[in-house]
Amino acid sequence: MRGGRAGAAAFPWLPVRMLLRHQFDNMAVAPRVRCPTLVLHGDRDRIVPDRFGRALAAAIAGAVFVPVPGHGHNDIDLSPAGPVAAAVRAAIVGR
């Protein structure tokens with residue numbers, strides 16, 4: 001998210017924006033994305049709050065947001081039997 005907003009949300013007591021070496025400004029480039037986009041986001045993500053994933057998906061034309069209940073930032077099972085398998089297949093093969 002723009003200028004360390006996700007980091008600042010997670011660590012409001014730190015000067016996150018001043019500490020970041022790389023900004024990772026997804027929102028700045030989101031409007032230029034022209035490919036099919038699937039945004040997967042765990043609803044228990046303690047690193048990047050759910051609202052940022054939703055905002056990113058909303059900023060990308062035609063993006064599909066898929067909330068993943070019970071998962072965090074790095075624990076979403078992407079296997080063929082995982083909780084998002086159907087959404088990933090639909091995004092790759094078509095709806």
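This report walks through a predicted model of a single chain, from its overall layout down to a few residues worth a look.

**The overall layout**

Let's start with the fold in outline. The secondary structure adds up to five helices and two strands. Reading from the N terminus, the order is α-α-α-β-α-β-α. If you measure the C-alpha trace along its principal axes, you get a span of about 40 × 30 × 20 Å.

The chain has 95 residues, and 32% of them count as buried. Its accessible surface comes to about 6,500 Å², with carbon and sulfur atoms supplying 60% of that. As for contacts, take those with a sequence separation of 6 or more: 61% of them link residues 24 or more positions apart.

**The salt bridge in α4**

There is one salt bridge in the structure. Its partners are D50 and R54, and their closest N and O atoms sit 2.7 Å apart. As a reminder, side chains of opposite charge can pair when their charged atoms come close. The two side chains are also listed as joined by a polar contact of 2.7 Å.

Where does D50 sit? In helix α4, which covers residues 50-59. R54 belongs to that helix too, four residues away from D50, or about one turn of the helix. R54 counts as partly exposed because its relative accessibility is 42%, which falls between the 20% and 50% cut-offs. Setting aside residues up to four places away in sequence, D50 touches H41 and F65.

**The aromatic pair and its patch**

The structure has one aromatic pair. It is made by F11 and W13 in an edge-to-face arrangement, with 6.4 Å from centre to centre and 90° between the planes. F11 lies in the loop that runs between α1 (5-10) and α2 (16-19).

How open are these two rings' residues to the outside? F11 is partly exposed, since its relative accessible area is 41%. W13 goes further into the open category: at 65% relative accessibility, W13 counts as exposed. Both residues also help build a nonpolar surface patch of about 460 Å², together with L14 and L19.

**Two loop residues, H71 and R46**

H71 is in the loop between β2 (64-68) and α5 (85-93). Is H71 buried or exposed? H71 is buried, because its relative accessible area of 18% is under the 20% cut-off. Leaving out neighbours within four places in sequence, H71 has contacts with G42, D43, R44 and D45, and also with I76, D77 and P83.

R46 is in another loop, the one between β1 (38-42) and α4. R46 is exposed, because its relative accessible area of 78% is over the 50% cut-off. R46 and R17 are 29 residues apart in sequence, and their C-alpha atoms are 18 Å apart in space.

**Accessibility at a glance**

Here are the residues discussed above, with their values.

| Residue | Relative accessible area | Class |
|---|---|---|
| H71 | 18% | buried |
| F11 | 41% | partly exposed |
| R54 | 42% | partly exposed |
| W13 | 65% | exposed |
| R46 | 78% | exposed |

Key:
Residues are numbered from 1 along each chain as its sequence is written. This is a predicted model: local features need pLDDT of at least 70, side-chain atom pairs count only at pLDDT 80 or more; totals for chains, interfaces and linings use all residues. Side-chain values use heavy atoms; hydrogens and water are left out. A polar contact is a pair of N or O atoms within 3.5 Å; within protein, one must be able to donate a hydrogen and the other to accept it, and residues adjacent in sequence count only if both atoms are side-chain atoms. Contact means heavy atoms within 4.5 Å. A salt bridge is a side-chain nitrogen of Lys or Arg within 4 Å of a carboxyl oxygen of Asp or Glu. Buried means under 20% relative accessible area, exposed over 50%, partly exposed in between (1.4 Å probe, protein chains only). Patches are made of residues with over 30% relative accessible area and no salt bridge: like charges are joined within 9 Å, nonpolar side chains (Val, Leu, Ile, Met, Phe, Trp, Tyr) within 5 Å. Accessible areas come from the Shrake-Rupley method with a 1.4 Å probe; for residues, only the protein chains shown count as cover. Rings of Phe, Tyr and Trp (its six-membered ring) pair if their centres lie within 6.5 Å; planes under 30 degrees apart count as stacked, over 60 as edge-to-face and the rest as tilted.
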